[in-house]
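Reader: I should like to go through this model in a series of questions. Please show the structure before we begin.

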Amino acid sequence: MWLSAHADVLNARPFVSMPTPWEQAHPAAAAWLDALTDAEVDALETTEAWACAPDPLRAWALESAALTALPSMPGAPVPMRARATRRMPGRKVRQVEAFVGAAAAALDGHAGPIVDWCAGKAHMGRALAAHLGRPLVAVERDADLCAQGAAAARASGLEARFEVADALTPRAWTHLSPDAAVVALHACGALHTTLVRETCTPRVALAPCCYDRALTPAGHADLVSVVGREALPTLDVEALRLVHEAPSETGEAELSRVRQVQAWRLGLDLWLRAARGTTAYTSLPACPASWRALGFEGFCAALLARAGLSVPAENEPRLA
């Protein structure tokens, strides 16, 4: 398996090991990456951007692109009604419209109910059920979200039933009937692996996420695929987390803010290493975006206080 053959790269945690083992093994490739600007790094999302990269980066990019190529999804996006998109972020609206278009094309002719798994307010489930003219069953553990979704369904005249149930429990699984079509958008971690294992219908449209949150009792990635389990029995969870750590579909202003905070956190980590005389990475808690207003030095002081950390004064370099 390709991932197994490149486990030294996949499992390397950036900034935890400095340099990472693969950087030491391929210094020319590491130097090429370090010299890129932010814009050039963003361009690496396209295969063409790797044409000038030194090997093995160029070879890895071409191989991974071939292995991960997906067929075109059927169905054009289905526009949501303006009233239904109020208070929904534009990115979520686009995702729902694209998902409904693809799911509707795949479920054309289906006569049974639509089950929206981990539905929230069932924005997606309501749009799909209305488009197909099918009744909706929304499964969601948050009673308040169920109430809001049910009210919206009534207002639009949609036949819908909202079930308050935790998707990880047998009570929720009873709604996965053989005559249903089950859909799930952003089913996180164990929510999507549970669905795959417990559903009784072959009609499933699923967009999973947060793969690192689906864990076995031993703390390894919970792989549903038999082939995957045989090839990657102890897939590193931290490597899976990297899949969704990079900002996606983020505006330039927000991306700039995210990058500034990332740079400050990494700067603080380097300062801690120097102050403590260690090469070990320090895990730090999350912080509010408003802390950017504190400036770098204030940001570092606030984050250290939140983490309950201090540095001996005699070893303390300036935060500049």
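Author: A residue is called buried under 20% relative accessible area, exposed over 50%, and partly exposed in between. The model under discussion is predicted.

Reader: In which class, buried, partly exposed or exposed, does histidine 186 fall?
Author: Histidine 186 is located in strand 4, which covers residues 181–188. Its relative accessibility is 42%. Since that value lies between the limits of 20% and 50%, histidine 186 is classed as partly exposed.

Reader: What is the phi angle of histidine 186?
Author: Histidine 186 is not a glycine, yet its phi is positive. The angle is about 60 degrees.

Reader: Alanine 122 also has a positive phi; is alanine 122 buried or exposed?
Author: Alanine 122, with phi near 65 degrees, sits in the loop between strand 1 and helix 8. Its relative accessibility is 0%. Because buried means under 20%, alanine 122 counts as buried.

Reader: Which peptide bond is cis?
Author: The bond in question leads into proline 56, a residue of the loop between helix 5 (38–43) and helix 6 (57–68). Its omega is near 10 degrees. The cis bond runs from aspartate 55 to proline 56.

Reader: How many helices and strands does the protein chain have, and what box do its C-alpha atoms fill?
Author: The protein chain has 15 helices and five strands. Along the principal axes, its C-alpha atoms fill a box of roughly 70 × 45 × 40 Å.

Reader: What share of the contacts in the protein chain, with a separation of 6 or more, is made by residues 24 or more positions apart?
Author: The protein chain has 320 residues, of which 34% count as buried. Among contacts with a separation of 6 or more, residues 24 or more positions apart account for 53%.

Reader: Against which elements do the buried residues of helix 11 pack?
Author: Helix 11 covers residues 190–198, and His192, Thr193, Thr194 and Leu195 are buried in it. Those buried residues pack against strand 1, helix 10 (170–173), strand 4 and strand 5 (204–209).

Reader: How many salt bridges are there, and why does the pair of arginine 259 and aspartate 42 tie together distant parts of the sequence?
Author: Side chains of opposite charge can pair when their charged atoms come close. The count comes to five salt bridges. One of them joins the side chains of arginine 259 and aspartate 42, at 2.4 Å from N to O. Arginine 259 lies in helix 14 (residues 252–276) and aspartate 42 in helix 5, so the parts that the pair ties together are 217 residues apart in sequence.

Reader: Are the partners arginine 259 and aspartate 42 buried or partly exposed?
Author: The relative accessible area is 25% for arginine 259 and 34% for aspartate 42. Both values lie between 20% and 50%, so arginine 259 and aspartate 42 are partly exposed.

Reader: What separates aspartate 269 and arginine 273 within helix 14?
Author: Their side chains meet in a salt bridge at 2.7 Å, N to O. Aspartate 269 is buried at 2% relative accessibility, and arginine 273 is buried at 8%. Because the two are four residues apart in helix 14, their separation is about one helical turn.

Reader: Which residue forms a salt bridge with glutamate 163?
Author: Glutamate 163 belongs to strand 3 (residues 160–164) and is buried, with a relative accessible area of 18%. Beyond its neighbours within four places in sequence, its contacts include Val137, Cys146 and His175. The salt bridge, at 2.5 Å from N to O, is made with a residue that is partly exposed at 43% relative accessibility. That partner is arginine 161.

Reader: Which residues make the nonpolar surface patch?
Author: The patch amounts to about 390 Å². One of its members, methionine 18, lies in the loop between helix 2 (7–10) and helix 3 (21–25) and is partly exposed at 46% relative accessibility. The patch is made by Phe15, Met18, Leu270 and Tyr281.

Reader: Which residues form the positive surface patch?
Author: Lysine 121, one of the members, lies in the loop between strand 1 (114–117) and helix 8 (123–132). Its relative accessible area of 30% makes lysine 121 partly exposed. The patch consists of Arg81, Arg83, Arg86, Arg87, Lys92 and Lys121.

Key. Residues are numbered from 1 along each chain as its sequence is written. This is a predicted model: local features need pLDDT of at least 70, side-chain atom pairs count only at pLDDT 80 or more; totals for chains, interfaces and linings use all residues. Side-chain values use heavy atoms; hydrogens and water are left out. Patches are made of residues with over 30% relative accessible area and no salt bridge: like charges are joined within 9 Å, nonpolar side chains (Val, Leu, Ile, Met, Phe, Trp, Tyr) within 5 Å. Accessible areas come from the Shrake-Rupley method with a 1.4 Å probe; for residues, only the protein chains shown count as cover. A salt bridge is a side-chain nitrogen of Lys or Arg within 4 Å of a carboxyl oxygen of Asp or Glu. Lys and Arg count as positive and Asp and Glu as negative; His and the chain ends are not counted. The place of a charge is taken as NZ of Lys, CZ of Arg, CG of Asp or CD of Glu. Buried means under 20% relative accessible area, exposed over 50%, partly exposed in between (1.4 Å probe, protein chains only). Contact means heavy atoms within 4.5 Å.
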